[in-house]
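Colleague: Please take a close look at the ligand site in this model. Then walk me outward from there into the rest of the chain.

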Amino acid sequence: MHVKGESSMAESECIFCRIVNGEIPCAKVYEDDAVLAFLDLGPMAKGHTLVVPKRHCENLLAFPEEEAPALIAALKKVGNAVMQATGAGGFHVLQNNFPAAGQTVFHLHWHIIPRSEGDGMSLWAQGTYGEGEMAELAASIAERM
Ligand code: 5GP
Ligand code: ZN
């Protein structure tokens, strides 16, 4: 299988590795053996938190599946705590892969973004498919697994 996303950046140059190692300060909200979570410097909403696997990997395609349970547990804990602390009614879990999708830090991380009714944030711009296009694209994706 061709897997994009193998790590190419030296960990010493990686800003999130340096935060994990304590070389750069952060506003930490949670830590366990596998995961560190801290507030994003440029929040989409107050309380916007980054959940970061401690071990460097570049994006989701390079993330070992055996690390997923610890990561999901952390997302649930942090999401719930952010929601309570900010008084939000909900939250997004977002994760960007590759520059075309907005990834700017090439150490895998998940964004927890608190949301409230009427906060004016708009993330979904939905479109439509032409005749037959949906089935054709689904088949094309399925044959690449
Ligand atoms: P991406 O665009 O790669 O999904 O998200 C990277 C995020 O990291 C951005 O939202 C940005 O504000 C945040 N960020 C970048 N550098 C730092 C930093 O040094 N400290 C913190 N706390 N957040 C950072
Ligand atoms: Zn890193």
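**The site around ligand 1**

Modeller: Start with aspartate 40. An N or O atom in the side chain of aspartate 40 sits 2.4 Å from an oxygen atom of ligand 1. Keep in mind that this is a predicted model. Two further polar approaches involve oxygen atoms of the ligand. Threonine 104 uses its backbone: one of its polar backbone atoms is 2.7 Å from an oxygen atom of ligand 1. Histidine 109 uses its side chain, with a polar atom 2.9 Å from an oxygen atom of ligand 1. How much of the ligand's accessible area does the protein cover? On its own, ligand 1 has 520 Å² of accessible area, and the protein covers 81% of that.

Now the shell. In total, 16 residues surround ligand 1. The closest are Asp40, Asn96, Gly102, Thr104 and His111. By class, eight of the shell residues are nonpolar, seven are polar and one is charged. The space that ligand 1 takes up is the largest pocket. Two elements each give two or more residues to the shell: α1, residues 15-20, and β2, residues 35-39. Of these, α1 gives the most, with three residues.

Next, phenylalanine 98. Phenylalanine 98 is in the loop between β4 (90-94) and β5 (110-115). Its phi is near 75°, a positive value in a residue other than glycine. Most residues other than glycine have a negative phi. Is the residue buried or exposed? Phenylalanine 98 counts as partly exposed, because its relative accessibility is 27%, and that class lies between the 20% and 50% cut-offs.

Move to the loop before β2. Aspartate 32 lies there, between β1 (28-31) and β2. Its side chain makes a polar contact with the side chain of tyrosine 30, at 2.7 Å. Aspartate 32 has a relative accessible area of 23%, so it is partly exposed. Compare its position with that of alanine 135. The two residues are 103 apart in sequence, and their C-alpha atoms are 43 Å apart in space.

On the other side of β2 comes the loop that leads to β3 (49-53), and histidine 48 lies in it. Histidine 48 is buried, because its relative accessibility is 2%, and the cut-off for buried is under 20%. Its side chain reaches the backbone nitrogen of methionine 44 at 2.9 Å.

Lysine 46 is also found in the loop between β2 and β3. Lysine 46 has a relative accessible area of 72%, so it is exposed; the cut-off here is over 50%. Along the chain, lysine 46 and leucine 123 are 77 residues apart. Their C-alpha atoms are separated by 16 Å.

Last, the frame that holds these parts. The protein chain has three helices and five strands. From the N terminus on, the order is α-β-β-β-α-β-β-α. The C-alpha trace spans about 50 × 40 × 25 Å along its principal axes. Of the 145 residues in the chain, 33% are buried.

Back to your site, in brief. Aspartate 40 brings a side-chain atom to within the 2.4 Å given above, threonine 104 brings a backbone atom, and histidine 109 brings a side-chain atom.

Conventions: Residues numbered from 1 in each chain as written. Chains lettered and ligands numbered in written order. Predicted model: local features only at pLDDT ≥ 70, side-chain atom pairs only at ≥ 80, totals over all residues. Heavy atoms only, no water. Near = heavy atom within 4 Å. Polar contact = N/O pair within 3.5 Å; in protein donor to acceptor, adjacent residues only side chain to side chain. Areas by Shrake-Rupley, 256 points an atom, 1.4 Å probe, with all protein chains shown as cover. 1 Å grid on protein atoms, 1.4 Å probe; cavity = no way out; pocket = protein on both sides within 12 Å on 5 of 7 lines; lining within 4 Å. Sits in = over half its atoms within 2 Å of the grid points. Helix = DSSP H or I, 4+ residues; strand = E, 2+ residues; numbered from the N terminus. Nonpolar A, V, L, I, M, F, W, Y, C, P; charged D, E, K, R; others polar. Buried < 20%, exposed > 50% of the residue type's maximum accessible area, 1.4 Å probe, protein only.
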